[in-house]
Amino acid sequence: MRFIDTHIHIDGEEFDSDRQLVVDRARQAGCTHMFVPAIDMPSVGRILNVCADFPGFAYPMIGLHPEEVNDGFHHVLDEMEAMLPGNFIAIGEVGLDFYWSREFEKQQLEAFEIQVQWACRTGLPLAIHSRKAQNELVAILKRYRNELPGGVFHCFTGNVQEAKQLLEFDGFYLGIGGVLTFKKSHLPEVLPFVPIDRVVVETDAPYMAPVPKRGVRNESAFITYVISKMAECYGIDAEEVAELTSQNALRLFRLQ
């Protein structure tokens, strides 16, 4: 089985003590690529260093995570924009998150729209984080519908209607991770309504470890559990799921 982890925070301090071992286990499990999103300016430097350590395997993204947006976001975006396009394969992790608070709602909306504009200008796909914000997110994306270069709706956990609404945007995929394996997840009922040529797999490691690894630090090697569950949902072989989702990822991130 060969697969691609389209979203892993391998630069995080959670991996500082054994990053090489995590990468080794990923490769042994069949992982061929890791795509690494930024969350803020300090993370960009870490990501570039990590990706330089694993050339041809780890690939960097650049973006300001919605939970990191505050009154000073313009300065951060100016610094990031000056680095584009660089060696980045995507604009991410960007988006909207109103789960905990709407204190910086206005700033989040503006920051997200600016980064969508970057994607349209550079042709780099988007890695989008959305929590309790789908209506606002869709409203912004609709303004750029004819210019969008595609992207991933990372960590999708919505219903069939929400999936269909997001997939109305051409060139976008749903990122499916450990939540698919959770006991109370409704994703197993949703996925059969989503064409398999519109999904990619991801970990969001170190977060969201799948069953039977819940409660421990997530890592790319665990994607095999997600792929197995996805194979159940689609009624096809796990090898086929791994191959098709890998093709989707390579196509989206222009690595073919």
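A: Let's begin with a term: contact means heavy atoms within 4.5 Å. The model in front of you is a predicted one, and we can start with a residue in its strand 4, G92.

Q: Which residues does G92 touch, not counting residues up to four places away in sequence?

A: Leaving out those sequence neighbours, G92 touches P37, A38, M61, I62, G63 and A127.

Q: Is G92 buried or exposed?

A: The cut-off for buried is under 20% relative accessible area. G92 has 0%, so G92 is buried.

Q: What is special about the peptide bond from G92 to E93?

A: That bond is cis, with omega near 10°. E93 also sits in strand 4. There's another cis peptide bond to look for, from A205 to P206, with omega near 15°. P206 belongs to the loop between strand 8 and helix 8.

Q: Now the sheet. What order do its strands have?

A: Follow the strands from neighbour to neighbour. Here eight strands form an open sheet in the order 1-2-3-4-5-6-7-8, with parallel pairing. Strand 1 (3–5) and strand 8 are the edge strands, as each pairs on one side only. From one strand to the next, the twist averages 30°.

Q: How many bridges join strand 2 and strand 3?

A: Strand 2 and strand 3 pair in the parallel sense over three bridges, and one partnership to find is V36 with P60 in strand 3. On to strand 4: strand 3 pairs with it in the parallel sense over two bridges, and M61 has A90 as its bridge partner there.

Q: Which way do the residues of strand 3 point?

A: Here's the general idea: in a regular strand the side chains alternate between the two faces of the sheet. In strand 3, A58, P60 and I62 point one way while Y59 and M61 point the other way, and all are buried. That fits with strand 3 being mostly covered, with five of its five residues buried.

Q: Which strands does helix 5 touch as it packs on the sheet?

A: Helix 5 (residues 134–143) touches strand 4, strand 5 and strand 6, and its direction makes about 150° with that of strand 5.

Q: What about helix 2: which of its residues are buried?

A: Look for S43, V44, I47, V50 and C51. They cover an arc of only 135° around the axis, so they lie on the same side of helix 2. The face turned away from that buried side carries the exposed residues P42, N49, A52 and D53. As for what covers the buried residues of helix 2, the elements include helix 1 (19–29), strand 2 (31–36), strand 3 (58–62) and helix 3 (73–81).

Q: And which residues of helix 8 are buried?

A: Use the same kind of reading. I223, V226, I227, M230, A231, C233 and Y234 are the buried residues of helix 8. Their arc around the axis is only 160°, which puts them on the same side of helix 8. These buried residues pack against strand 1, strand 7, helix 7 (187–190), strand 8 and helix 9 (238–252). Just after helix 8 comes G235, with a positive phi of about 70°.

Q: Which residue has a positive phi of about 55° although it is not a glycine?

A: K132 does. You'll find K132 in the loop between strand 5 and helix 5. Its relative accessible area is 58%, so K132 is exposed. C155, also a residue other than glycine, has a positive phi near 55°, and its place is in the loop between strand 6 and helix 6 (160–166). C155 counts as partly exposed because its relative accessibility is 23%.

Q: Last one: where is T203 found?

A: Go to the loop between strand 8 (199–201) and helix 8 (223–234). T203 counts as buried because its relative accessibility is 3%. Its side chain makes a polar contact of 2.7 Å with the side chain of D5, and a polar atom of the T203 side chain lies 3.0 Å from the backbone nitrogen of A205. Beyond four places away in sequence, the residues T203 touches include H7, M208, E219 and I223.

Note on methods:
Residues are numbered from 1 along each chain as its sequence is written. This is a predicted model: local features need pLDDT of at least 70, side-chain atom pairs count only at pLDDT 80 or more; totals for chains, interfaces and linings use all residues. Side-chain values use heavy atoms; hydrogens and water are left out. Helices (H or I, at least four residues) and strands (E, at least two) are DSSP runs, numbered from the N terminus. Buried means under 20% relative accessible area, exposed over 50%, partly exposed in between (1.4 Å probe, protein chains only). A polar contact is a pair of N or O atoms within 3.5 Å; within protein, one must be able to donate a hydrogen and the other to accept it, and residues adjacent in sequence count only if both atoms are side-chain atoms. The arc is that of the directions from the helix axis to the C-beta atoms. Two strands pair if DSSP finds at least two bridges between them. Axes are lines fitted to C-alpha atoms, for helices over the stretch in contact, and angles run from 0 to 180 degrees between N-to-C directions.
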